[in-house]
Amino acid sequence: MKKKVLGLLLTAVMSMGLLIGCGPADTGEPTDDGSAAATTTEAKKGDSSGKKVAVAMPTQSSERWINDGSNMKEKLEALGYEVDLQYAEDDVQAQVSQIENMIAAGADCLVIAAVDSSALVNVEAQAKEAGIPIIAYDRLLMDTDAVSYYATFDNKGVGTAIGKYIEEAKDLANTDETYTIEFFMGSPDDNNAVMLYNGLMEVLKPYLDNGTLVCKSGRTSFDDTCILRWSQETAQQNCENYLTGFYSDEKLDICATAFDGFAYGCKAALEGAGYKVGKDWPLITGQDAELMATKNIIAGSQTMSIYKDTRLLADKCVTMVQAVLEGSEPEINDKEQYDNGKLVVPSYLCTPVAVDKDNYKEIIVDGGYYTEEQLAE
Ligand code: BGC
């Protein structure tokens with residue numbers, strides 16, 4: 001398969017197209033632009049200050065959740081709440097026990113980013129029984145009527161943005177070339193993963209159908225490409241298997257991955273198979289714009305990521321906590337997309353932004369997310 005030299009034209013197309021797919025959710029509400037200005041805590045100390053807010057996070061194995069947890073703690077404490085922050089290290093049963101303990105310890109409100117979104121039904125029912133409101137953080141809580149609100153990013157928009165990035169970078173709509181692609185999708189127990197896949201395929205499926213994109217493993221369905229618990233090791237293993245099984249005489253051009261951790265796994269597999277940055281290195285996508293991923297983008301071993309400003313998400317979530325504790329109305333911009341099987345959960349969707357070498361300074365450094373010094377370490 002011939003590889004196209006994209007040159008200057010591509011650079012121009014890429015820099016023009018980066019923000020496509022990252023507009024506001026179709027709500028008519030004002031958008032968040034990921035800039036520093038958007039990160040001020042809107043909430044003011046209110047009547048509920050002094051109450052206990054318990055925050056259950058999935059894992060510290062990925063940097064984004066460490067940031068989410070510390071942002072939430074800091075913002076809640078600034079409003080006078082007592083905060084109990086716990087991480088379950090991707091162990092479903094550990095998270096169930098943590099939440100049981102939070103209820104027993106007298107939490108007034110629970111904020112949950114689930115390890116397995118459907119596994120908490122019983123403990124959520126216990127919370128409801130005890131009159132403790134629940135806010136779903138980033139990941140929808142499925143099959144429960146105990147959840148009041150959901151703060152997240154536009155998860156389908158994340159997939160669309162990744163798809164559009166690939167479409168524009170390879171000029172799929174106009175090219176005569178064909179490109180090989182493999183998919184590394186998120187955890188089947190996380191509703192976000194399916195939504196991302198749907199957004200991605202909305203953009204890329206026509207190119208798979210018309211042969212511009214060729215997936216030599218044949219693994220294009222969500223079921224065939226999802227990776228339980230977002231495991232970096234499994235992504236690496238899958239990539240190694242694809243490279244040895246299908247790419248011995250032809251190069252892999254695109255790793256469409258749904259998470260920076262998967263991009264690291266693909267990077268390791270590609271290095272092992274002798275691919276070289278600047279020579280035959282594929283386009284690799286990711287999600288979260290972790291510090292390591294952003295460094296890799298600068299170094300060229302990852303092409304792009306999706307920047308999700310966790311400070312902004314925490315701000316939105318904190319206003320939901322205040323609302324349930326004080327009986328006020330938080331800002332909501334989606335009342336349709338997030339049906340958890342029991343109810344359509346009123347949600348606030350923050351806007352994800354595609355970042356690469358060309359715009360990381362403007363979005364990430366100028367936005368105050370990482371400093372140049374951190375990125376240079
Ligand atoms: C989040 C992503 C994250 C993934 C793995 C998803 O639920 O929305 O931002 O990359 O979990 O941690």
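Domain bounds here come from an automatic or database domain assignment. The model is predicted, so to speak of local features we need pLDDT of at least 70, side-chain atom pairs count only at pLDDT 80 or more, and totals for chains, interfaces and linings use all residues. Residues are numbered from 1 along each chain as its sequence is written, and side-chain values use heavy atoms, with hydrogens and water left out.

Now the ligand. Where does the ligand lie relative to domain 1 and domain 2? Domain 1 (32-153 + 310-347) and domain 2 (156-308) both give residues to the shell, so the ligand lies between them. Among the surrounding residues, those with a heavy atom within 4 Å, are Arg64, Phe259 and Lys308. The shell divides into 3 nonpolar, 2 polar and 6 charged residues.

Next, polar contacts, meaning pairs of N or O atoms within 3.5 Å. Oxygen atoms of the ligand lie 2.5 Å from a polar side-chain atom of Asp190 and 3.0 Å from one of Asn192. For Trp65, a side-chain N or O atom is 2.8 Å from a ligand oxygen.

Notes
A polar contact is a pair of N or O atoms within 3.5 Å; within protein, one must be able to donate a hydrogen and the other to accept it, and residues adjacent in sequence count only if both atoms are side-chain atoms. Ala, Val, Leu, Ile, Met, Phe, Trp, Tyr, Cys and Pro count as nonpolar, Asp, Glu, Lys and Arg as charged, and the others, Gly among them, as polar.
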